[in-house]
Amino acid sequence: VQLQAYGGGLVQAGGSLRLSCATSGITFSDADMAWYRQTPGNPRELVASITSTNFATYADTVKGRFTISRDAAKRALLLQMNDLKPEDTAVYSCYARARRWGRSSTANFWGEGTLVTVSS
């Protein structure tokens with residue numbers, strides 16, 4: 001199983017970035033997925049989640065600015081981030097609660113993160 005986040009970088013406050021998480025080895029169609037972020041010395045924070053039926057939820061801190069979505073054709077999880085603020089600076093990681101190919105039980109999977117830096 002592989003989950004790999006892409007799209008991080010340096011952006012000025014008020015700018016936008018789009019993160020992607022490419023997946024392989026899981027049954028994407030029935031996976032519940034999410035984006036988390038973490039800064040040094042702090043616990044991981046849930047940013048946004050989306051169910052297999054496309055029901056999305058957001059942290060209050062990003063509501064109205066971030067949009068989570070799924071691209072079934074590319075088996076990818078997306079996060080559109082607009083109006084970025086310096087406090088959004090963090091390593092962003094993707095998460096899936098999913099079945100491995102050929103398995104019936106679900107498990108938790110984490111991907112490598114991508115760094116987002118927002119300058120003021």
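In these legends, two residues are in contact when heavy atoms of theirs lie within 4.5 Å. Please keep in mind that everything shown here comes from a predicted model.

**View 1. S93 and the residues around it.**
Let's start with a single serine. S93 belongs to strand β9. Is S93 buried or exposed? With a relative accessible area of 12%, under the 20% cut-off, S93 counts as buried. Which residues touch S93 once its neighbours within four places in sequence are set aside? They are A34, W35 and Y36, together with G111, E112 and G113.

**View 2. The hairpin of β9 and β10.**
Here we stay with the strand that holds S93. Strand β9 covers residues 90-99 and strand β10 covers residues 106-110. The two pair in the antiparallel sense, over 5 bridges. To find your way along the pair, look for A96, whose bridge partner in β10 is F109. Between the strands of this hairpin there are 6 residues. While you are at the hairpin, look for G102, which takes a positive phi near 85°.

**View 3. An open sheet of four strands.**
This view moves to another set of strands. In what order do the 4 strands of the open sheet stand? The order is β1-β3-β8-β7, and the pairing is antiparallel. The edges are taken by β1 (2-6) and β7 (66-71); each has a single partner strand, so one side of each is left without a neighbour in the sheet. From one strand to the next, the twist averages 15°.

**View 4. Where β7 meets β8.**
Now for a closer look at one edge of that sheet, where β7 stands. Strand β8 is made up of residues 76-81, and 6 bridges join β8 to β7. These two strands run antiparallel. A handy pair to pick out is D71 and A76: D71 stands opposite A76 in β8.

**View 5. R37 and its surroundings.**
An arginine is the centre of this view. R37 lies in strand β4, which covers residues 32-38. R37 is buried, with a relative accessible area of 6%. Leaving aside neighbours within four places in sequence, the residues in contact with R37 include P43, R44, V47, V62, F66 and Y92. Which side chain makes a polar contact with the side chain of R37 at 3.5 Å? That partner is T61. The side chain of R37 also makes a polar contact with the side chain of D88, at 3.0 Å.

**View 6. Salt bridges of R37.**
The whole structure contains 5 salt bridges. One of the residues to follow is again R37, which forms a salt bridge with E45, where the closest N and O atoms are 2.8 Å apart. E45 is partly exposed, with a relative accessible area of 30%. R37 and D88 also meet through their side chains in a salt bridge, 3.0 Å from N to O. Because R37 lies in strand β4 and D88 in the loop between β8 and β9, the pair ties together parts that are 51 residues apart in sequence. Both R37 and D88 are buried.

**View 7. The D60 and K63 pair, and a network.**
To finish, here is a pair with exposed partners. The side chains of D60 and K63 meet in a salt bridge, 3.1 Å from N to O. D60 is exposed at a relative accessible area of 67%, and K63 is exposed at 51%. Elsewhere, salt bridges that share partners join R37, E45, R65 and D88 into one network.

Technical notes:
Residues numbered from 1 in each chain as written. Predicted model: local features only at pLDDT ≥ 70, side-chain atom pairs only at ≥ 80, totals over all residues. Heavy atoms only, no water. Pairing = 2+ DSSP bridges. Axes fitted to C-alpha atoms, helices over the stretch in contact; angles between N-to-C directions. Buried < 20%, exposed > 50% of the residue type's maximum accessible area, 1.4 Å probe, protein only. Polar contact = N/O pair within 3.5 Å; in protein donor to acceptor, adjacent residues only side chain to side chain. Salt bridge = Lys/Arg side-chain N within 4 Å of Asp/Glu carboxyl O.
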